[in-house]
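Good morning, everyone, and thank you for letting me take a few minutes of the meeting. Please have a look at the picture as I put it up, and then we will walk through it together.

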Amino acid sequence: KITVIPHGVDHARFSRASGRNIRQRYGISSDIPLLIFHGTLHYWPNTEAVRFISTRLLPLLLKEYEDIKILICGLNPPQEYAHPAIVFTGAVEDLEEHIAAADVCICPLFAGGGTRLKLIEYMSAKKAIVSTSKGAEGIPLQGQICIADSASTMAFEICALIKDDGARLQLAIRAQRYAQTLDWKIVTDAYIQLYAGLHK
């Protein structure tokens, strides 16, 4: 017998964050489009994602928004991909606040395995997400994530979401509804029921 229990998220932590002081911390004006990506950055798939952001995605975004900024949070950022539009924050204790400050969350992963916990955190924070198909693996897609598998398509989708507040909000609402089902309180109940059944 196989029981599948999904990964969970501290929904209260991510859904209540305001991101109020994050832009000020990094000197980013409130009217500048802000994206975010996070992870352990010396993990090769995440390093490759940063390379993709810096060398392929960002040049396309800058054609549309000259002042766009991207927060990249996590340990050991690959400095060889530094760019004036990219802010390497390092590891942060208030990740939920950083996510809350962003307009769009991105997940340009092309390798790796397992559920991307970063996506569940983005969804819990009620954020619009643009991800590759690989990045969204492990999540049953029901219109809560925008999928784009090339730099040009990803840039187009990100720009479209930045321009359309309504579309961005609707995507974020669907995302958060899904994330609510993965709150740790719900996921923990599944573990309790599983182990209770084993001891009957």
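How many bridges join strand β2 to β3, and do these strands run parallel or antiparallel? Strand β2 (residues 69-73) is joined to β3 by 4 bridges, and the two run parallel. Before I go on, I should say that this is a predicted model, in which local features need pLDDT of at least 70 and side-chain atom pairs count only at pLDDT 80 or more, while totals for chains, interfaces and linings use all residues. Residues are numbered from 1 along each chain as its sequence is written, and side-chain values use heavy atoms, with hydrogens and water left out.

When I say helix or strand, I mean a DSSP run, of H or I over at least four residues for a helix and of E over at least two for a strand, numbered from the N terminus. Two strands pair if DSSP finds at least two bridges between them. Strands of a sheet pair through backbone hydrogen bonds, either parallel or antiparallel.

Let us start with the sheet. This is an open sheet of 6 strands in the order β3-β2-β1-β4-β5-β6, with parallel pairing. At the edges stand β3 and β6, each with a single partner strand, so one side of each is left without a neighbour in the sheet. Looking at the β3 edge, Ile70 stands opposite Ile86 in β3, and Cys73 stands opposite Gly90 in the same way, again in β3. Towards the other edge, strand β4 (residues 104-107) is joined to β5 by 4 bridges in the parallel sense, with Cys107 opposite Ser131 in β5. From there, β5 pairs with strand β6 (residues 146-147) over 2 bridges, also parallel, and Val130 has Cys146 as its bridge partner in β6.

Is β3 enclosed or open to the outside? Here I call a residue buried under 20% relative accessible area, exposed over 50%, and partly exposed in between, using a 1.4 Å probe and protein chains only. In strand β3 (residues 86-90), 5 of the 5 residues are buried, so β3 is largely enclosed by the rest of the structure. It helps to remember that in a regular strand the side chains alternate between the two faces of the sheet. In β3, Ile86, Phe88 and Gly90 are buried on one side, and Val87 and Thr89 are buried on the other. Strand β5 is likewise covered on both faces, with Ala128 and Val130 on one side and Ile129 and Ser131 on the other, all buried.

Now to the loops. Gly39 is found in the loop between β1 (34-38) and α3 (44-64), and Gly39 counts as buried because its relative accessibility is 15%. Taking contact to mean heavy atoms within 4.5 Å, and leaving aside neighbours within four places in sequence, Gly39 is in contact with Asn46, Cys73, Gly74, Leu75 and Lys118. In the loop between β2 and β3 we meet Asn76, whose phi is near 55°, a positive value in a residue other than glycine. Asn76 counts as partly exposed, at 48% relative accessibility. Lys126, in the loop between α5 (117-124) and β5 (128-131), has a positive phi too, near 65°, and is partly exposed, with a relative accessible area of 36%.

What about charged pairs? The structure holds 8 salt bridges, a salt bridge being a side-chain nitrogen of Lys or Arg within 4 Å of a carboxyl oxygen of Asp or Glu. One of them joins Asp103 and Arg23, with the closest N and O atoms 3.1 Å apart. Asp103 lies in the loop between α4 (95-101) and β4 and Arg23 in helix α2 (residues 22-25), so the pair ties together parts that are 80 residues apart in sequence. Of these two, Asp103 is partly exposed, with a relative accessible area of 22%, whereas Arg23 is buried, at 12%. Another joins Arg168 and Asp165, whose closest N and O atoms are 2.9 Å apart; being 3 residues apart in helix α7 (residues 165-180), they are separated by about one helical turn.

That is where I will stop, and I am glad to take questions.
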